[in-house]
Amino acid sequence: MDIAERVARLKPSATLSINARALELSARGKDILSLSVGEPDFPTPEHICAAAKEAIDAGFTRYTPVPGLPELRAAAAGYFRHFYSVHAAAENIIISNGGKHSLYLLFQTLLNPGDHVLLPSPCWVSYPPMVELAGAKPVMIPTLPENCFKISLLDLQHSLTPKTRMLILNSPSNPTGSCYTRAELDAVAAWGLANSVIIVSDEIYDRLAYSPEGPQSLSPWWEKHPENFVIVNGVAKTFAMTGWRIGYTLADAGLIAAMSRLQGQSTSNASSVSQKAALAALTQGYSHLGIMCRAFRERRDLALDIISSWPDVLCPQPEGAFYIFPDMHRHYRGALADSTSLCAALLDEAGVAVVPGAAFGDDHCLRISYAVAPAVLEQALARIARFLRL
Ligand SMILES: Cc1ncc(COP(=O)(O)O)c(C=O)c1O
């Protein structure tokens, strides 16, 4: 069958593909250690699951309003008040089927064919295809491990053209784990404002920030300039709820209304039961966060300790999320001349799943997730070191 061009061009998500292959090999009985996961290995907290069960028992199983339950929209607005002292109304929030869907809707709603979207690279695998699906052009701004994979104002200025419409910022970052400081965020925000570039801040990992400065957000800038900033977040990483598929967007009420029209003509509302679970998540405290954050930080330190001892590997300290992104290219050789072939060999011959940096736009690196038990992390890194004779 002839597939429409826009989908025929679309590549499958590299992270999901590696995971699927690792699971397939495990199912066939191979001993696979996976460091390719993009989700917390903690269970969804019990009170959240209980709220979902109650919703089912109460028959809360029908359509909800398209932009989400009013009380959940208010609770998501409350998240920004609680953590960032930002005042937003329920009408500034739309609830969608995960942060990924929030971003998809946002790009479809804001971007026109020919618009340029600035993307600090390496970046999350889904930004470029989602931007392209909206007919716009991703403009990659390369960053270096020496600069902790962060862009400078000079980089931004060099990439600016009359067509530049948007900048996507992701801090803490998937895949690098790098975090912009408050001062750096403010400088980028001021640059966006001065140049009429809308800044989309993907803050899905905001609670998982380990530097003494702690989590930072662009939502205070949104409050002052609601037409210049959009914030995307969700419950997936903060509450270990990846499968529940609830994301939310904080934006100007007019943009939220436009996104709701698109959501209404495509997916209607997010799952009613998941919305009740998300409501419990956002209104019944964050006590689980300390435990999860501490565990990730310890594993980050463990992974960094081991990887920093590998010769000829460059690895800036990640300050957030649960990824580490070492530059391994000095160990590429023979048939293993790039990140994709090295990752394939690591999976098939060493039994370790990691994601090639090429999937994120940097072929020198591998993305290693430390959202696994420390013993698995240690064992998997030992396998990589043995395989590469480090
Ligand atoms: C940078 C980034 N943004 C957004 C998402 C989407 O999260 P979800 O759709 O699970 O809410 C992810 C998930 O891995 C991510 O890594």
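This tour moves through a predicted model, from the whole chain to its cavities, its aromatic rings and a few backbone features.

**The whole chain**

Begin with the full protein chain in a cartoon view, where 14 helices and 12 strands can be displayed. The radius of gyration is 21 Å, close to the 21 Å that the globule rule gives for 390 residues, so the chain is as compact as a globular protein of that length. Along its principal axes, the C-alpha trace spans about 55 × 55 × 55 Å. If the chain is coloured by accessibility, buried residues account for 55% of the 390 residues.

**The largest cavity**

Next, turn to the enclosed space. Counting cavities of 30 Å³ or more gives 2. The largest cavity holds about 140 Å³ of space. To find it, select Pro120, Pro122, Phe149, Asn170 and Ser173, the closest to its centre among the 16 residues that line it.

Which strands should be shown around this cavity? Strand 3 (116–121) and strand 5 (164–170) each supply at least two residues of the lining. Strand 5 gives the most, with 3 residues. Colouring the lining of the largest cavity by class yields 9 nonpolar residues, 7 polar residues and no charged residues.

**Two cis peptide bonds**

Keep Pro122 selected and add Ser121. A cis peptide bond joins Ser121 and Pro122, with omega at about 10°. Pro122 belongs to the loop between strand 3 and helix 6 (127–133), and Pro122 is also one of the residues closest to the centre of the largest cavity.

Now select Ser171 and Pro172. The peptide bond from Ser171 to Pro172 is cis, and its omega is near -5°. Pro172 is placed in the loop between strand 5 and helix 8 (182–194).

**The second largest cavity**

Ser171 leads to the next stop. Select Leu169, Asn170, Ser171, Leu185, Ser201, Glu203 and Gln216, which line the second largest cavity. The volume of the second largest cavity is about 40 Å³. What is the class make-up of its lining? It has 2 nonpolar, 4 polar and 1 charged residues. Asn170 deserves a label here: it lines the second largest cavity, and it is also among the residues closest to the centre of the largest cavity.

**Lys150 and Tyr180**

Return to Pro120 and add Lys150. The C-alpha atoms of Lys150 and Pro120 are separated by 7.5 Å, although the two residues are 30 residues apart along the chain. Lys150 is in the loop between strand 4 (137–142) and helix 7 (153–159). Is Lys150 buried or exposed? Its relative accessible area is 14%, so Lys150 is buried, the cut-off being under 20%. Add Tyr180 to the selection: Lys150 lies over the face of Tyr180, at 5.7 Å from the ring centre.

**Aromatic rings**

Display the side chains of Phe, Tyr and Trp. A search of the whole structure finds 17 aromatic pairs. Select Tyr79, Phe80, Phe83, Tyr84, Phe239, Tyr248 and Tyr286, which form one aromatic cluster. Within this selection, centre the view on Phe83 and add Arg207. The charged end of Arg207 sits over the ring of Phe83, 3.5 Å from its centre.

**Two residues with positive phi**

Select Arg245, located in the loop between strand 7 (229–234) and strand 8 (247–250). Its phi is near 60°, a positive value in a residue other than glycine. Arg245 is partly exposed, with a relative accessible area of 34%.

Then select Ala321, in the loop between helix 12 (287–308) and strand 9 (323–324). Phi of Ala321 is likewise positive, near 60°, and this residue is not glycine. Is Ala321 buried or exposed? Ala321 is buried, with a relative accessible area of 0%.

**Final stop: Ile324**

From Ala321, proceed to Ile324 in strand 9. Ile324 is buried, and its relative accessible area is 0%. Lastly, add Ile307 and display the distance between the C-alpha atoms: Ile324 and Ile307 are 17 residues apart along the chain, and their C-alpha atoms are separated by 9.4 Å.

How values were computed:
Residues numbered from 1 in each chain as written. Predicted model: local features only at pLDDT ≥ 70, side-chain atom pairs only at ≥ 80, totals over all residues. Heavy atoms only, no water. 1 Å grid on protein atoms, 1.4 Å probe; cavity = no way out; pocket = protein on both sides within 12 Å on 5 of 7 lines; lining within 4 Å. Points joined across faces, edges and corners; volume = space filled by probe spheres on them. Helix = DSSP H or I, 4+ residues; strand = E, 2+ residues; numbered from the N terminus. Nonpolar A, V, L, I, M, F, W, Y, C, P; charged D, E, K, R; others polar. Phe/Tyr/Trp six-rings, centres within 6.5 Å; stacked < 30°, edge-to-face > 60°. Lys NZ or Arg CZ within 6 Å of the ring centre and 35° of its normal. Rg over C-alpha atoms; globule rule 2.2 N^0.38 Å. Buried < 20%, exposed > 50% of the residue type's maximum accessible area, 1.4 Å probe, protein only.
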